[in-house]
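Me: I am new to this structure and would like a close look at a single part of it. Please start with one loop and work outward from there in a connected account.

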Amino acid sequence: MRGSLLLFLALPLAGCAGGGYAGYKDAPYTVRGQRYCPMGPEEAVGYTEVGTASHYKGGFLFFPGKTAIGEKIYPWSHGAAHKTLPLPSRVRITNLENGRRVTVRVNDRGPFISGRIIDVTSATAKKLRFHGKGLTEVRVEVLSVGDGVHRIR
């Protein structure tokens, strides 16, 4: 009886991990009628992409927003959003216009605006020195996925 109760309580939690990787969010999802199929950890490690980055605010003053994986995000938080990388992932973002680079954790989904490959928090945009400009060309390099089991060697 006790084992059955534990199994019954654990079943709803089993559906939280996408793609069979405990702790990763890589399940397909739909936004504004568009379906996205995130890559798995093995495919993501070492992935590089070049394109346009934008930035977004994370919460308001002391009232945090929430990321796609349920983490709190504040205006001073460093992080990023990507449409198809498994969450979380650690990436190095290089601003191709000034050479500045930063390593951040991707823990959110987006940007859902055509032509943009990554959305970073305002604090990260300030480190990359494009906050006042709004958009910049970047290179995104995946360093590790999830707990770091999947990483560049």
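Reply: Pro111 lies in the loop between β8 and β9, the latter covering residues 116-121. Strands here are DSSP runs of E with at least two residues, helices are runs of H or I with at least four, and both are numbered from the N terminus. The peptide bond that leads from Gly110 into Pro111 is cis, with omega near -10°.

The model is predicted, so local features need pLDDT of at least 70 and side-chain atom pairs count only at pLDDT 80 or more, while totals for chains, interfaces and linings use all residues. Residues are numbered from 1 along each chain as its sequence is written, and side-chain values use heavy atoms, with hydrogens and water left out.

Before this loop comes β8, which spans residues 101-108. Two strands are said to pair if DSSP finds at least two bridges between them. One partner of β8 is β7 (residues 89-95), which runs antiparallel to β8 and is joined to it by 6 bridges. Within that pairing, Val91 has Val104 of β8 as its bridge partner. The two strands form a hairpin with 5 residues between them, where Gly99 has a positive phi near 80°. Strand β6 (residues 80-81) also pairs with β8, in this case parallel and through 2 bridges. There, Ala80 stands opposite Val106 of β8.

A cis bond is found in the loop between β6 and β7 as well, where Pro88 is located. The bond joins Leu87 to Pro88, and omega is about -10°.

Past β9, the loop between α3 (122-127) and β10 (135-145) holds Arg129. Phi of Arg129 is near 60°, a positive value in a residue other than glycine. Arg129 is exposed, at a relative accessible area of 57%; exposed means over 50%, buried under 20% and partly exposed in between, using a 1.4 Å probe and protein chains only.

As for the setting of this part, the protein chain has 3 helices and 11 strands. Buried residues account for 41% of its 153 residues. Of the contacts (heavy atoms within 4.5 Å) with a separation of 6 or more, 69% are between residues 24 or more positions apart.
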